[in-house]
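Q: Please take a close look at a single buried position in this model and at the elements around that position. I would like the contacts set out in order, with the packing of the neighbouring helices included.

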Amino acid sequence: MFIKQKTLAASLLTLGLLAGCGKEYLDLSPRNAVTTETFYKTQTDAVQATNAVYSQLSQNGMYNYSLWAIGDVMSDNSFLGGGGAADGIEFQQLDNFSIPTSNPLTTSHWQRAYLGIGQANQVLTRVPAIEMDATIKNRCLGEAEFLRALYYFYLVRGFGDVPLVTVPAQSAADVANVTRTPAAQVYAQIVTDLQDAITKLPAGPYTGEDVGRATKWSATALLAKVYLTQGDMANAATQARAVISGSGKSLWANYADNFKVENENGQESLFEVQFKNGLSSYTTDGPGSVMNEFWGARFFGSPYVVSSGGYGFNIPEKEFVDGYEAGDLRKAASVFVPGDKYPDGQVQPATLVGDPFGFNIRKFYVGTVNVNNWDSPLNVPVLRLGEIYLILAEAVGPTTEGLEAINKVRRRAFGLPINTPSAKDLTASSTANFKDAVIRERRYELAFEMDRWYDLKRTGTLVAKMRAQGKTGVQEFNNLLPIPQTERNVNPNLTQNPGY
């Protein structure tokens with residue numbers, strides 16, 4: 001897969017650092033002969049530059065650390081766990097909603113997103129002038145637009161108003177003087193980028209080293225989610241229908257098949273963050289995923305059930321686990337509960353350190369085979385067809401179309417034929433609040449896919465849900481993350497979100 005075969009040339013393309021990079025980035029001068037002025041000459045250069053835009057997704061500030069802290073631990077699906085005391089203090093701050101402006105997770109999230117945006121801006125500015133195959137050029141530009149939209153989508157949902165920068169900075173002064181752009185303008189740019197990306201990206205599927213790249217359907221699916229987040233239900237439905245009817249994707253009959261290494265970028269996948277094992281150890285910025293290790297049962301087993309013993313972070317809440325309906329096969333695919341067996345025959349215990357009910361996440365467990373420390377190969381799904389059905393259901397409500405969309409997801413969850421009506425189907429008459437039913441279905445369908453906090457935010461239920469779980473420290477201002485203080489030290493024009 002192209003992302004998994006990183007090259008030195010691609011890694012040198014962390015160029016054009018712009019708004020949102022702390023002082024340590026602003027003070028760095030290029031230490032290699034490759035610069036933005038000499039690099040962008042050939043089709044190979046264009047492809048490598050585009051590959052580099054993907055690179056931030058698998059790093060500390062995005063899917064390999066920060067996003068599961070924000071999307072999961074800050075939600076009602078899970079809590080930190082771990083070893084107590086100061087273990088994972090940066091996670092404890094998010095879990096308890098006592099988040100300082102210096103929190104490393106929120107700071108690195110901001111910085112990584114803007115690094116990705118900077119790389120995308122370089123591609124969009126410089127690749128058009130390269131003489132190269134027109135189809136590959138269009139693909140590169142479409143990928144950069146899709147990725148820029150994805151990075152901005154996380155920024156605007158997390159921080160609210162954020163600097164909107166669409167061209168490479170020309171100097172450190174350009175970076176140090178930007179101001180926050182109203183969220184509505186940021187969303188407008190996201191929509192524009194995705195609409196244009198849809199016209200440029202191939203429909204797929206990709207083969208060989210190109211597997212894992214964004215497609216037309218990746219952009220269409222993300223656009224549906226963006227519209228849903230904005231409350232534009234008509235356009236969300238239009239885009240969701242387009243994906244369902246045109247992408248050629250289909251639900252796996254078995255929900256658990258979405259989370260197997262052998263099925264990566266498979267029949268339900270619309271876009272995934274690519275991870276590869278065997279190239280790194282003990283780093284959150286390597287090509288391997290840390291989730292197998294950090295989410296594994298804490299120091300359990302003889303031998304351990306994960307490579308370094310497991311740290312027991314991101315522990316499913318009891319209320320969440322108890323909420324599975326009887327017969328819902330997603331439970332066994334998503335969580336370990338006491339009595340479950342590991343591949344080597346060891347049995348999940350009733351309690352663990354930091355884990356009073358003996359729950360751990362199974363969804364991203366790969367065990368110890370061919371895995372270094374913090375080095376899992378399992379990709380993280382960003383967009384998959386199961387979610388698109390739920391976007392359609394929420395967008396059109398309890399109509400025949402909406403009910404059939406949510407019921408396809410539910411039938412699969414209970415191991416039933418996806419296209420055949422069943423006793424597990426929701427009906428308009430039996431569902432008192434259809435939107436609540438869809439949000440609940442999203443909770444279990446997308447569990448631990450780093451999405452729940454964003455659903456609580458957009459539905460206005462974050463404070464009530466978290467207080468119901470005893471998180472009395474949560475306040476309304478926690479619907480936004482703090483602007484990192486390191487960024488405000490560099491750029492006094494960045495105002496702070498209220499409450500921080």
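A: Helices here are DSSP runs of H or I with at least four residues, strands are runs of E with at least two, and both are numbered from the N terminus. In this predicted model, Glu268 sits in the loop that runs between helix H12 (233-246) and strand E2 (269-273). With a relative accessible area of 0%, Glu268 counts as buried, because the cut-off for that term is under 20%.

The side chain of Glu268 has two polar partners to consider: the backbone nitrogen of Gly386, reached at 3.2 Å, and the side chain of Arg412, joined through a polar contact of 2.9 Å. Beyond its neighbours within four places in sequence, Glu268 is also in contact with other residues, including Lys249, Trp252, Asn258, Arg384, Leu385 and Glu445.

Two of the residues that touch Glu268, Gly386 and Glu445, also belong to the contact between helices H16 and H18, Gly386 on the side of H16 and Glu445 on the side of H18. Helix H16 (residues 385-396) packs against helix H18 (residues 434-445) with axes 10 Å apart and at an angle of about 170°; the two helices are therefore roughly antiparallel, since angles over 145 degrees count as such. H16 also contributes Leu390 and Ile391, among others, while H18 contributes residues such as Val438 and Ile439. By class, the residues of this contact comprise six nonpolar, one polar and six charged.

Terms used: Residues are numbered from 1 along each chain as its sequence is written. This is a predicted model: local features need pLDDT of at least 70, side-chain atom pairs count only at pLDDT 80 or more; totals for chains, interfaces and linings use all residues. Side-chain values use heavy atoms; hydrogens and water are left out. Buried means under 20% relative accessible area, exposed over 50%, partly exposed in between (1.4 Å probe, protein chains only). A polar contact is a pair of N or O atoms within 3.5 Å; within protein, one must be able to donate a hydrogen and the other to accept it, and residues adjacent in sequence count only if both atoms are side-chain atoms. Contact means heavy atoms within 4.5 Å. Axes are lines fitted to C-alpha atoms, for helices over the stretch in contact, and angles run from 0 to 180 degrees between N-to-C directions. Angles under 35 degrees count as roughly parallel, over 145 as roughly antiparallel, 65 to 115 as roughly perpendicular and the rest as oblique. Ala, Val, Leu, Ile, Met, Phe, Trp, Tyr, Cys and Pro count as nonpolar, Asp, Glu, Lys and Arg as charged, and the others, Gly among them, as polar.
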